[in-house]
Amino acid sequence: MEKKLNAWIPYVESFVSSPTSLNADDITAVSKLVNTGFLCLEDLVKDMELYLTSTDHFIRNRGVTLLAEVVGHLQSKPLSSTTIHSLINYFSLRLADWHALHGALIGCLTLLRRKHEVGRVVDNDASALADSFLKNIQVQLLALQDRKLCFEILVSLLDDYSEVMIVLDEFLISGICQAIDNEKDPTCLMLTFHIVQSLVQIFPDPSGPIASAAEDLFEILSCYFPIYFTHPKSDHIDIKRDDLSIVLMNAFCSTPLFEPFAVNLLLEKLSAHLPSSKIDSLRYLNKCILNYGANRMEKYCKSIWYSLKETIFNYSPFESLSESGSYHDSQENQIFKEASLCLQTALTLQSVKGKSFITWIIEDKDFDICVSSVANEICYETLSVESRRLLNGTRTILCLCAKAYDQCCDRAFHSFFPRLMDILGIFPCNASLDVGSLENISSRSLCFGALYLSIEMLASGRDLVLSYKQFPESISGENKWFQLVQNIYSPLSYAIGSLVRKHGFKEKNNITEDINSAVKGLQVLATFPEKLHVSVFVFEYILGIFVSIITGSSKDSDLWKLSLKSLVQIGLFIENSRCPETKTVYVSLVMEKIISLMKCNDSNMTLAMKLEAVFSIGSTNPVYMSRAIRDLEMQIFGNFVEIFVVGNQSFDPTFVRLLDCYTSQVLTWCNIKGNYDEVAMHFVLYIWNQMESVSISSIKSQQDVFDSLIMTMKVVVGNLNKENQLLIMHKGYNIIQSRIISPLRKLNQFLPDNTEIARLDLDSIILSPYDELLVSLFAAVVVALQPQVVISDIKVIINVFSIYLLKGHVSAAHALGSIFNKWPSNSKKADEISCRLEEAIDIIFTKGVFSSDIKLLRINDDIDANNAVHMNVIVGLGWIGKGLLMCGHQKMKDIMMVLFKYMLTNNCAESRLPNSDVMGNFTSPVLSRSAADAFSIIMSDSDACLNKKFHAMIRPLYKQRFFSSVLTILLSSIKDSNISDVRNSLYHAFGHVISNTPIAALLLETKKLILPLFECLSSLSADCKNNDLLYSILLVFSSILMENTGKCVVIENVHIIINPLLELAFYPYMMLVRETAIQCLVAMSEFPHARIYPIRQQVLKAMHKALDDPKRPVRLEAVRCRWRWESIA
């Protein structure tokens, strides 16, 4: 028992006697004994008395540190108030013992951070600790780690014991000033800035003790502004410059007592040339304005205005004004952005006694002259950079004034807006005048500057009004800015409208900034709140201009897009407004006319423009969008009949465009609005009804028309709910049953029990265009079904798709792959299907069209015809194998073996395959190549089927698993192959597999892959048909080069792979192959000198020749490569 009680002694002795390292194991062991109750903390302290009071400085230091660390491991263990009192008093006294200071600081901080539930330091003890701390510790004389502990103790005292700290008064303030002065470490500075912020908050009284020390405190803070962060990146400091800057800014703004010192400093630093200094000054000033208040900031208004004005004018963007809202992240644009934000904040200063901030802007004669100057500019394109900066800066200031608040907006409009109207030659006019009267208004050219500034002010004023939940009556009274706009609304609308209309029908009309502004102006005027009492005829006039551009013969596509965008914005505004008159006008003048374009054939607009216009305008109103959808469906259905029933090929391009619009715009909108199933069901049921009622005799259309219809069917069905998908599937199956399955039965192509296909006479199966379209549409439905939807009479459907696959229909292969991929795995769903998955696979491989008797198919004796059938089988195997692989079914291995059988026929390597008697022998190289290409089907991603969009079952890491299972067979087959055609096919399969496998899986097998990879490249480079595959494999090699694991393997084999890589640098059939090969050589120049120096001359000679390449990108890479290899001495 005594041994157990003294179990802690070896750990204590080990810790105390060891060097100054922490000895974490000893601390953990002792802490565990205390935590589990085996050792009482009070007993531990008593038994450690010899160490804690030793006259040996080293032993005392280690003893105090051990006790502090043990207490730190007891944060969640409840301790009595007596124990905590004893410990905090002991550690507080130890603060005077500089030999044991480190442990004492740890102990104090640990106890201060304890939570109330487990026992914490009481106020009196915290006060005593603070007193001892301030009397005994000279913080700046300590090492970094101890300084950080000191600052953390001060943070805890100020944040958690603020009421106690107030009693210390000036003693606390002076002690903190002394502690934080001249601190330089970033981690400690984060704490010191927080300490200042907490300190001034516990002494909020402006006449209190902090007032006399405010200057000293701020002087300490000001030394760090602006933050210059020079610590190297290699330091383990997880603090960024912005972090320090934000904490310092919070300290700057923590008390109004800093105002006399902070604002002048910031204004002084704002004139500095360093961009980062300007940015920080503006940010700090912005926050100071918010925190110090209007009364304190009033005396600085003039200085702030002049500083901000200069900054805005000097740093305003001078690029295209139409892109003025999307500035780049350059420091210059950042300065402009911060200055604008600061001015926006400053404009909110409304002094009760003195001037408001807006007054300084209005009374500034220089700014007044600037406004007049830029307002008289005729053309933006001829302006100098300086003039463009002035224009943009003036716009920024006026807009900020107009959207600050009601009174500010009112004063800005009355001071500047009438002058802009005078320059434009626009004078107040009776709003009741009609368009005929407005025709008499002067139509002279408008000054761009005045037009631009007035429109921007109007937009800002409108935004201010719309920001209110209710219309403020204060802005619509007598002599208010809103009345000012009312008086010029009609003539301004007509002047801008005439400018846009004239430009819209010019022969050569590159859009200019004045037209951009004019279009925006019309949009702004049309979207002013209804309280403006806009006359209906002016509103009609504005809409009429936009509609005429949309429906007319305008040759300016940019103006057309701007006009359409404006009409959409106006429509969205009208939809949310409460003015029935404007809504009626918009519906009759815009919606009715634009929506009717779908039925109009004599319009000057292209079909693409019509569709974009109709569905853009329709999106503003659900009722009219529904009407547009119905009209589009009628167009699609009419084109369907013309193409597939009448056989009119002239409708092909229109049909494809309509389907694209239907899937990309209509279905997307319906998904958002929640009526997708209703619209989609109408589309699919119409197609099925047509297929059920009409007879299609011939299809002369191009394949892209056929493909577009099939893809649309997949997309439409894929997003339906399960119930509607089931209805669509049953409808399609009933048509298939009557039109396809019954005729096949009559031809004896199905056995009575529907379980297997007899030996087919493919010549007797004549597929009409109708049959092809019907089966392809049904295949599209099957591909898009969710896994929970059970397919009717699944065995018959598999047989039908198998027959059509043999006739060369890839859509049937897609359907078969999807069927096997989505076969239900749970027993409950499996019971609803007429057969099990194993039975269905048996239909394919034992009794069906892919069985071993396929060589006996009764087709004609033409070898090419036989090959064609087998090629179709291989395609089917690829898609079925892909479906099984993605869901993780083991039958995939059998398909893989069949594909290898096709590639290895009559080859000695064939004997290596299990079940080598699966098929007969085929000698055609075409089939061998097709089997290799099937690996591309299996491994590559597909948009046509077996993807997330069409609800495929995708098991994680399926590509990696297939790669692991097939790699060994591929490499051994390549090694044992002695027939060139077979070897080439194997290399094709190898290339397809590795080019579609994630690089992480390849890196694990790099040693096995690297040499076969370059043998594969050499084999593929002999045929120009292999360009894409060759390039994909080369990209795999470049990815391997980028990873350390792969790079090491390449270094070991560099003498072998250099020749094939140099040959690819001159590959004649594809520029990207040559360019990538040389880029790989550039990367290899960083290999160890001993490995690459022997091949240096060989590479340089090749690059000298590559300098004559006909393509410039290749020549540039050759120059870079030669320079890198020449530098290898």
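**Close-up views of a predicted model**

**View 1. A salt bridge joins the side chains of Glu456 and Lys520, at 3.0 Å from N to O.** Glu456 belongs to helix 25 (residues 448–466) and Lys520 to helix 27 (residues 513–526), so the pair ties together parts that are 64 residues apart in sequence. Glu456 is buried, because its relative accessible area is 10%. Lys520, at 32% relative accessibility, is partly exposed. The structure shown is a predicted model. A search of the whole structure finds 26 salt bridges, and further ones appear in the next views.

**View 2. Asp463 and Arg462 form a salt bridge through their side chains.** The N to O distance is 3.2 Å. Arg462 has a relative accessible area of 13% and is buried, whereas Asp463 has 37% and is partly exposed.

**View 3. The side chains of Asp131 and Lys135 meet in a salt bridge within helix 9.** The distance from N to O is 3.0 Å. Helix 9 covers residues 123–136, and the two residues are four apart in it, so about one helical turn separates Asp131 from Lys135. Asp131 is partly exposed, with 24% relative accessibility. Lys135 is exposed, at 56%.

**View 4. A network of salt bridges links Arg60, Arg94 and Asp97.** The view shows these three residues, two Arg and one Asp.

**View 5. Asp181, Glu215, Asp216 and Glu219 form a negative surface patch.** Asp181 sits in the loop between helix 11 (162–180) and helix 12 (186–202). The relative accessible area of Asp181 is 31%, which makes this residue partly exposed. Patches take residues with over 30% relative accessible area and no salt bridge.

**View 6. Glu152 is a buried residue of helix 10.** The helix runs over residues 144–160. Glu152 has a relative accessibility of 15% and therefore counts as buried. Apart from neighbours within four places in sequence, Glu152 is in contact with Leu109, Arg113 and Leu191.

**View 7. Phe801 lies in helix 38 and is buried.** Helix 38 spans residues 794–806. The relative accessibility of Phe801 is 1%. With neighbours within four places in sequence left aside, the contacts of Phe801 are Val775, Phe778, Ala779, Val782, Ala812, Ala815, Leu816 and Ile819. One of these, Ala812, is 11 residues from Phe801 in sequence, and the C-alpha atoms of the two are 5.0 Å apart.

Note on methods. Residues are numbered from 1 along each chain as its sequence is written. This is a predicted model: local features need pLDDT of at least 70, side-chain atom pairs count only at pLDDT 80 or more; totals for chains, interfaces and linings use all residues. Side-chain values use heavy atoms; hydrogens and water are left out. Patches are made of residues with over 30% relative accessible area and no salt bridge: like charges are joined within 9 Å, nonpolar side chains (Val, Leu, Ile, Met, Phe, Trp, Tyr) within 5 Å. Accessible areas come from the Shrake-Rupley method with a 1.4 Å probe; for residues, only the protein chains shown count as cover. A salt bridge is a side-chain nitrogen of Lys or Arg within 4 Å of a carboxyl oxygen of Asp or Glu. Lys and Arg count as positive and Asp and Glu as negative; His and the chain ends are not counted. The place of a charge is taken as NZ of Lys, CZ of Arg, CG of Asp or CD of Glu. Buried means under 20% relative accessible area, exposed over 50%, partly exposed in between (1.4 Å probe, protein chains only). Contact means heavy atoms within 4.5 Å.
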